[in-house]
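Student: I'm new to this one. Could you walk me through it, question by question?

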Amino acid sequence: MKDYAAARKEMIEKQLKARHITDGRVLAAMEEVPRHLFVKPALQHEAYDDNPLPIGHCQTISQPYMVAVMTELLELRGHERVLEVGTGSGYQAAVLSRLCKWVYTIEALEALSVNAGKILRECGYDNISFKVGDGSRGWPEEAPFDAILVTAGAPDVPDTLLKQLVLGGNLVIPVGDRFSQTLKRVTKTESGTKVERHTGCRFVDLVGEFGWKKL
Ligand code: SAM
């Protein structure tokens, strides 16, 4: 069997530190979380490779570097309640759960949410709440959130998510067309928002009321 702990260490050095991921808490969380358990057994030997992988239902688990960039941009310190839109495999939720107080994660596809919930519970991550539904609408019953991460590509920054963010909170979201996006960090300020553009990226669609309409 592959030495997964060694594969994780190599991932940290060659894919993350080498590309200027510097937040020690993010690096430690990604060294700890067993990414291979979040992909199908047939793909586990590729779990620490430098790319996204299919998780079924035409969806993907994001590339480790992209998970690291998005997580670092949230600037979590440990006390936060964080909303994740797009549970997918559950891997990103596991990483977030190591870095904040509570994760609220929404997935549109029930089968993925159920599967992620099962793995996360088996791994002992017990500070995560799950919901099946349209995350482009947020999770109004649990708002406001200290940080929001959208892990699917959106045509625009949904206003409804900004309304569910605390003042000073960060919303990290890929925005663009259906083929390529820019990772944006939107910080809620007294006077509105501050928007920063980070790396180019390619995500599956955020499908929903405030995302893309189904074709
Ligand atoms: N964060 C995931 C992980 O760690 O595996 C990867 C997410 S995958 C790139 C994007 C996910 O967003 C898919 O599972 C997709 O079904 C989900 N999705 C798309 N539109 C959504 C919506 N409106 N609400 C919730 N989830 C959505």
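**Around the ligand**

Tutor: Sure, and keep in mind that this is a predicted model. A good place to start is Glu84, where an N or O atom of the side chain is 2.9 Å from a nitrogen atom of the ligand.

Student: How much of the ligand's accessible area does the protein cover?

Tutor: Start from the ligand on its own, which has 610 Å² of accessible area. With the protein in place, the covered share of that area is 98%.

Student: Which polar backbone atom, besides that of Gly135, is 2.7 Å from a nitrogen atom of the ligand?

Tutor: A polar contact needs N or O atoms within 3.5 Å. For Gly135, a polar backbone atom is 2.7 Å from a ligand nitrogen. A ligand nitrogen is also 2.7 Å from a polar backbone atom of Val207.

Student: Which element gives the most to the shell around the ligand?

Tutor: Several elements each supply at least two residues, among them β3 (81–85) and α4 (91–97). With three residues, the one that gives the most is β2.

Student: How many residues of that shell are charged?

Tutor: The ligand is surrounded by 28 residues, and Ser89 and Glu107 are among the closest. Sorted by type, there are 11 nonpolar and 13 polar ones, and the charged ones number four.

**Away from the ligand**

Student: Why is the pair of Phe38 and Tyr91 called edge-to-face?

Tutor: An aromatic pair is described by the distance of the ring centres and the angle of the planes. Planes over 60 degrees apart count as edge-to-face. Here the centres are 5.9 Å apart and the planes are at 65°, so the pair of Phe38 and Tyr91 is edge-to-face.

Student: How many residues apart are Phe38 and Tyr91?

Tutor: Phe38 is in the loop between α2 (24–32) and β1 (53–56), while Tyr91 belongs to helix α4. The pair links distant parts of the chain, and the separation is 53 residues.

Student: Which residue does a cis peptide bond join to Ala143?

Tutor: The bond has an omega of about 5°. Ala143's partner lies in the loop between β5 (128–132) and β6 (145–150). That partner is Pro144.

Student: Where is Cys58 found?

Tutor: Cys58 has a phi near 60°, a positive value in a residue other than glycine. As for its place in the chain, Cys58 is in the loop between β1 and β2.

How values were computed. Residues are numbered from 1 along each chain as its sequence is written. This is a predicted model: local features need pLDDT of at least 70, side-chain atom pairs count only at pLDDT 80 or more; totals for chains, interfaces and linings use all residues. Side-chain values use heavy atoms; hydrogens and water are left out. A residue is near a molecule or strand if one of its heavy atoms lies within 4 Å of it. A polar contact is a pair of N or O atoms within 3.5 Å; within protein, one must be able to donate a hydrogen and the other to accept it, and residues adjacent in sequence count only if both atoms are side-chain atoms. Accessible areas come from the Shrake-Rupley method with a 1.4 Å probe; for residues, only the protein chains shown count as cover. Helices (H or I, at least four residues) and strands (E, at least two) are DSSP runs, numbered from the N terminus. Ala, Val, Leu, Ile, Met, Phe, Trp, Tyr, Cys and Pro count as nonpolar, Asp, Glu, Lys and Arg as charged, and the others, Gly among them, as polar. Rings of Phe, Tyr and Trp (its six-membered ring) pair if their centres lie within 6.5 Å; planes under 30 degrees apart count as stacked, over 60 as edge-to-face and the rest as tilted.
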